[in-house]
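Please read the following alongside the sequence and the coordinates. The account goes chain by chain and takes up the contacts between chains on the way.

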Amino acid sequence: METFVIQFIHGLVYGLLLFLVASGLTLVFGMMSVLNIAHVSFYMLGAYLSYTMLKVVSNFWLALIVCPILVALLGILMERLILRRVHAAGHVQEFVITFGILFALNEMIKWIWGSENLSVPIPSTLSGSLLIMGNIYPAYRLFILFFSLLILAFLAFILMRTRLGITVRAMVSDRDMASALGTNTPFVFMLVMGIGSWLAGVAGVIAAPFLGLSSSMGLDFLTDCFIVTVTGGLGSLWGAVVASFLIGQLSSFGILFMPRFAIVFGFLLMAVVLVIKPSGLFGEKA
Amino acid sequence: MAELAERPRNILELKGIYKDFEGLQVLLDINLEVHERERHAIIGPNGAGKSTLFNLITGKYRPSKGRIFLKGEAITGTNPFKLTRMGMARSFQITNIFRTMTVFENVRNAILSKNKIRYNMFSRLSKMDGINRQTEQVLSEIGLLERKNDVAGELSYGQQRALEIGLAIATDPEIILLDEPTAGMSTEETREAVRLIQRVTEGKTLIIVEHDMEVVFSIADRISVLYYGKVLASGLPGEIRNDQKVKDAYLGEERK
Amino acid sequence: MKNRSFYLWVGIALGALGILFPHVLPKFQLRMVTEIVVVALLVMTWKMMLNEAGLFSFGHAVYFGLGAYASVLGWLHIKGLSLMSGILLGGLVAGLVGFILSAFLVRMSGTYYALLTLAFNQLIWAIVWKWRNVTGGDDGLGKFPKPDLLGISMKDPTNFYYLSVVLVGVCLFFCWYFTKTPLGNVTKSIKSNEERTRFIGLNVGASKIIFLTMLAFFAGISGALYAQFQEFIGASSIDLVMSTHIIFMAFIGGIGHFWGPLLGSGIYVYLSEYLSHYTDRWELIFGVVVVILVLLAPQGILGITKKRK
């Protein structure tokens, strides 16, 4: 029983991290119909930036505040300079360019920080462990859990209750209509892109002490992120919620049962969902 | 005795058809019979559900409730390509041709399908004389033989509409569904189109959706009137013309 | 096409060069040309997937790698497996996987398709990488037999070169010929108007699957040939980086031209050989160049996309 609970929490943690990143991806697609493959690089960048920052200031909380903002700025820059132009050119260009950027950012990170694995220390205030059902559980992971949930609650609040949030939801639903009603489309795009990248950056910063940094962390995360996005349905936040939860759990329990090939479970889920509903759980664009 | 023998067979039957889209009821309790080899027109104001009905019959959508029968066989929800192979063909209200291909290639696509040549990756297309001949035959029927090497997207509107019809008849279907074939045409183009339609649907069943009443009354053997998702009336042109319900609801507004 | 005779002449010129190469080039260069030719087939299959089927695949290396592994495992474990049978085995395995994947993927829109090919690439790569007993994992497989073909030793680079040129030539010819056949025509009409293709009675899904399976088959042949060329096969032939390189090669060569993949493959092989002497980060430069190229000249070199009317 305890194993179950522990694994469940593991799964929640990973699932939340996945959602933080996938939500940005799916939102941007829903709003702008642009699939920003490079989005996962923001996650990676957030982690690596925090590494450097921590070497300089040694304050986790400061890194948590600053690094995601830097990442968000990069995201906004990318949206204004590249994504807007790319969408007009067509799907093929969109794929090649965003993929090229992912590739380039990946290589740049390898260039600047090297290809060896790096580690980021767990902040002292959060180190240590708690006893859960007779098992020792690292406090830091619980921090990830609660902090992510906090951010998500905040996000949900903005989306559901504020005027801005409603606008964003309207635009994801029907962009042309929203723009005909007078919403400042370019501004909202920028905002959504910024927030999406910010979320990915946050995920990177808080995941770093937990998962460690490696030159393949972007690509590893990319696969699961894509599975989440596709299973949930491109453009659907709810889909991303459900899918990341499921994938998180499958990943966690999968490792328990079939450690070498746990990756297959996520794929199986995705395959099953897509056979039944080719556009994903809550997706519309098939 | 002769009357009994001549009782027409229903080539198409719709029984209790409903269709809603996300809560919006577009079609309600549609019951329709189309006789073999008749020319059946479906008329009704915009938004009455005519195109939806077409899309249901031709397999693009599934009805929410109800069944459809082709030659007595249930075809509800069957894939469009299977329906075409069963002898049904349609044209589209908004021209839906192969714009990047030539006129000849457009028709040839359908001819190849008709001849069941689908997965052949060994024969050379240019050497298939039978195919080429059949293609040219259809082209001359629709009057586009001289334009056969032109890219379809560059044709005039009227010519594209003719090609649109050509694609529908090229598979040699038993039942042809034309969705507003004369939409956007001038009077002269319309007359030509009517002549074309009468020619190519000779001996076949035709279901035609139309707004132009002259076209309807000059072609149709029977007419069904669709009004806000329901069949208001169905019968001979004379009956429809004199039907009070129809007059009130529709003919008065739509007379061209 | 007014360019038809142009292409013919290029083909003839290449053919003449092809025959002359072994006699004028030093061994090292000859090997490079062999590599270029083998990879060109792979890139051609990717390009055809994009051009004819309108599908952008991020995971094409899967077929290349599986073809390679299947053939190598065949040569290693099946006593007396001939050269051509091994290559054919590679093609068939890749084709089978292609069939299974495309049966699943065919109903997806372009964006989903692209994402899923990437995900599947990662999945299959991970399986190959972890299944050390069979695939050698990171270390890969080497020391497999290089059977003679019709009594001619393939260990001689010249002979192997001729084999590659002929085999790839045949495959490329078939790819070209395909566009002149009815199935090639169906593929073209699907690209022009998928919905209408359905409504004239053609099974779009089945046609796509057959086409994609064929492409996977040829990609597998390329992989098997490559394995013999390298006399080694590792997980790097089936990873995402390889898929990326395929995409880059296709675009650099120009996806609008029949000989584009050969050009792209050539540029890539030469650059990777020479640039890597100067910098470790040549791949980054290469990638950036391609991205800029696509940004600045989307219509010029890349005329054939869905946007072209």
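In what order do the elements of chain A run from the N terminus on? The order is α-α-α-α-β-β-α-α-α-α-α-α-α, which amounts to 11 helices and 2 strands. The model is a predicted one, and what follows should be read with that in mind.

The overall dimensions of chain A come next. Its C-alpha trace spans about 60 × 45 × 35 Å along the principal axes. The radius of gyration is 19 Å, and because a compact globule of 286 residues would have a value near 19 Å, chain A agrees with that expectation. Half of the chain is covered in the sense used here: 50% of the 286 residues count as buried. Where contacts in chain A link residues at least 6 apart in sequence, 75% of them join residues at least 24 apart.

Chain A also touches chain C. The contact involves 30 residues of chain A and 35 residues of chain C. On the chain A side, the elements that give two or more residues are helix 4 (91-113), helix 9 (217-232) and helix 11 (263-276). Helix 4 of chain A supplies the largest share, 13 residues. Sorted by class, this side of chain A has 22 nonpolar, 5 polar and 3 charged residues.

Chain C meets chain B as well. Here 28 residues come from chain B and 22 residues from chain C. Helix 3 (80-85) and helix 4 (103-114) of chain B are the elements that give two or more residues to the chain B side. That side divides into 13 nonpolar, 10 polar and 5 charged residues.

Within chain B, strand 7 (residues 175-179) is a useful place to look. Of its 5 residues, 5 are buried. B:I175, B:L177 and B:D179 point one way from the strand, while B:I176 and B:L178 point the other way, and all are buried. Strand 7 of chain B has a parallel partner in strand 6 (residues 88-90), to which 3 bridges join it; in this pairing B:M88 has B:I175 as its bridge partner. Strand 7 of chain B also runs parallel to strand 8 (residues 205-209), with 5 bridges between them. One of the residues paired there is B:D179, whose bridge partner in strand 8 of chain B is B:V209. Helix 7 (residues 187-200) of chain B completes a right-handed β-α-β unit with strand 7 and strand 8.

In chain C, helix 2 (residues 27-53) has 27 residues and reaches 39 Å from its first C-alpha to its last, close to the 39 Å expected at 1.5 Å a residue. The helix is mostly covered, with 21 of its 27 residues buried. After helix 2 of chain C comes C:G54, which has a positive phi, near 65°.

Further along chain C, which residues does C:R107 contact, leaving aside its neighbours within four places in sequence? They are A:P278 and C:G205. C:R107 lies in the loop between helix 4 (83-105) and helix 5 (110-130) of chain C. Its class is partly exposed because it has 16 C-beta neighbours inside 10 Å, where 20 or more would make a residue buried and 12 or fewer would make it exposed. From C:R107 to C:Y226 there are 119 residues in sequence and 32 Å in space, C-alpha to C-alpha.

Notes: Residues numbered from 1 in each chain as written. Chains lettered and ligands numbered in written order. Predicted model: local features only at pLDDT ≥ 70, side-chain atom pairs only at ≥ 80, totals over all residues. Helix = DSSP H or I, 4+ residues; strand = E, 2+ residues; numbered from the N terminus. Pairing = 2+ DSSP bridges. Right-handed = clockwise from strand over helix to strand, strands pointing away. Contact = placed C-beta atoms within 7 Å. Nonpolar A, V, L, I, M, F, W, Y, C, P; charged D, E, K, R; others polar. Expected span 1.5 Å × (residues − 1). Rg over C-alpha atoms; globule rule 2.2 N^0.38 Å.
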